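Here is a friendly briefing to keep beside you while you turn the model around on your screen. It goes topic by topic, so feel free to jump to the part you need.

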Amino acid sequence: MLDIEKIRSETPGCKTKIHFDNAGGSLNPRHVTATVVNYLDREQVIGSYEAAEEAKHLVDNFYTNFSNLLNCNKSEISFIENSTRAWELAIHSINWAPGDQIITGENEYGSNYLGLLHLARRKSLRIVTIPAGEDGLISLNHLEQSINARTKLIALTHIASQRGDIQPAPSIGEIARKHNVLFLLDACQSVGQINLDTKEINCDFLCGSGRKYLRGPRGTGFLFVKSKTLKILEPIFLDLHSATWNDVESYEFAKSARMFECWERNVAAMIGLATAVEYLSTLGVVAVENRIKQLSSSLTAGLSKLKDVNVLEKSNFRSGIVTFTKGGIDATNLKEKLSKVNINISVCKKENARLDLGKESTGDVNRASLHYYNTQQEISRFLQELKKLK
Ligand SMILES: Cc1ncc(COP(=O)(O)O)c(C=O)c1O
């Protein structure tokens, strides 16, 4: 059982706002912010390289904490400044040949899809997009039938920015293994809110962001790459941290996921994220997942009772992300009105999710995304305020 009162007392942001924009960025625990600030203080006083040396163990905790969270090896984790960059580093490290095929879903995150379009144009690749069925989930049959001899990668988003349905990652991983195809999972919205096990998911790559459900600082993210897969990849960018310069003309990649990292980074933010992951592990991911699902089903039930509100999620596998429209009110206008009464929600723009929201007549949609520190009282107040809006 989570001690919600204690958790909220450790989360200063809870005092002033109802924060239902955790899928955008969640509220940092006090201890995470303190770690960052204390580290910056040390940089100021003793010098930046010296502070990094002093905090070596905290930097190392980043890898240990993520390997525990994702059930993988420390050497399979890299620190990257955000999820989009981690995702791009992964796809560009694959040895592509013209005519190769990539399978993705229509729920794919907009920046990822742009990355796919760009890669496909530069390397003459084919993109196949699998739609979600009536049940809100990507059809596994359709996905498997789309695999052919040229398919090299399945790149899917676990929980979309604009849809809270949880896609069946382990079943997709099984299909990828069966057909010997690489599997990249965008876990940006799932990491920190549901239990992720890279062995169970059977993915080659998994990426995420620190500021969302992990409650870390902005400008942080990570990339997991399975050790067996590392051996067949070629990172596109190198520095003296990701590779060794052996001789004037020769070099070799680091023999770990470090081959994707850059030596120069925001150490304060990195150890802030390490602290956030530690905080999560003391609470227990399963307890967190259960609490979020409980709150989210209560919110969905409340929204469904409002006659002019339409909830977009369709599956039986729901997360903390709940998207909806309210008849007669534009999504941006609704967000602004709620902001005036100290409630944070967000807007998912149709133009950023063209494959998904683009096919519906709804236009932009609103997103309320709950974390475990939110409460039933906050949900009731949100529903009351929403009901009043015209
Ligand atoms: C599903 C998904 N993937 C990727 C991203 C991009 O994350 P970042 O901003 O850390 O690059 C987001 C951001 O909202 C997202 O929702």
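Five bridges join strand 3 (residues 101-105) to strand 4, and these two strands run parallel. Please keep in mind that this is a predicted model. Strand 3 and strand 4 sit side by side in an open sheet of seven strands, and a second open sheet has four strands. Around these come the helix pairs and a ligand site, covered in turn below.

**The seven-stranded sheet**

- The strand order in this open sheet is 2-8-7-6-5-3-4, with mixed pairing.
- Strand 2 (77-80) and strand 4 (126-130) are the edge strands, each pairing on one side only.
- On average, neighbouring strands of this sheet are turned by 20 degrees against each other, direction ignored.
- To find the pairing of strand 3 with strand 4 on screen, look for G105, which stands opposite I130 in strand 4.

**The four-stranded sheet**

- Here the order is 11-12-15-14, and the pairing is antiparallel.
- Strand 11 (309-311) and strand 14 (346-348) each have a single partner strand, so one side of each is left without a neighbour in the sheet.
- From one strand to the next, the twist averages 40 degrees.
- Strand 12 (residues 321-326) pairs with strand 15 (residues 365-369) over four bridges, in the antiparallel sense.
- Within that pairing, F324 has N366 of strand 15 as its bridge partner.
- Helix 12 (residues 285-305) packs on this sheet and touches strand 11, strand 12 and strand 15. The direction of helix 12 makes about 10 degrees with that of strand 12.

**Helix 12 with helix 14**

- Helix 12 also packs with helix 14 (residues 376-388), at an angle of about 20 degrees and with the axes 10 Å apart.
- Helix 12 and helix 14 are therefore roughly parallel to each other, and their crossing is right-handed.
- On the helix 12 side the contact is made by L295, S298, L299 and G302, and on the helix 14 side by Q376, I379 and L383.
- By class, this contact of helix 12 with helix 14 has four nonpolar, three polar and no charged residues.

**Helix 4 with helix 11**

- Helix 4 (residues 56-70) packs with helix 11 (residues 267-283) at about 40 degrees, and their axes are 8 Å apart.
- That angle makes helix 4 oblique to helix 11, and the crossing is left-handed.
- Helix 4 brings L58, V59, N61, F62, N65, F66, N68 and L69 to the contact, while helix 11 brings V267, M270, I271, L273, A274, V277, E278 and S281.
- The contact of helix 4 with helix 11 divides into 11 nonpolar, four polar and one charged residues.

**Helix 2 with helix 11**

- Helix 11 has another partner in helix 2 (residues 30-46): the two axes come within 8 Å and cross at roughly 155 degrees.
- Helix 2 and helix 11 are therefore roughly antiparallel to each other.
- Helix 2 passes helix 11 in a right-handed crossing.
- From helix 2, H31, V32, T35, V36, Y39 and L40 meet V267, A268, A269, I271, G272, T275, A276 and Y279 of helix 11.
- Sorted by class, the contact of helix 2 with helix 11 holds 10 nonpolar, four polar and no charged residues.
- V267 and I271 of helix 11 appear in the contact with helix 4 and also in the contact with helix 2.

**The ligand site**

- How many residues surround the ligand? The shell has 13 residues, and the closest are N82, T84, S161, C188 and S209.
- Which classes make up this shell? Nine of the shell residues are polar, three are nonpolar and one is charged.

Conventions
Residues numbered from 1 in each chain as written. Predicted model: local features only at pLDDT ≥ 70, side-chain atom pairs only at ≥ 80, totals over all residues. Near = placed C-beta within 6 Å. Nonpolar A, V, L, I, M, F, W, Y, C, P; charged D, E, K, R; others polar. Axes fitted to C-alpha atoms, helices over the stretch in contact; angles between N-to-C directions. Parallel < 35°, antiparallel > 145°, perpendicular 65-115°, else oblique. Left-handed = near helix turned anticlockwise from the far one by under 90°. Contact = placed C-beta atoms within 7 Å. Pairing = 2+ DSSP bridges.
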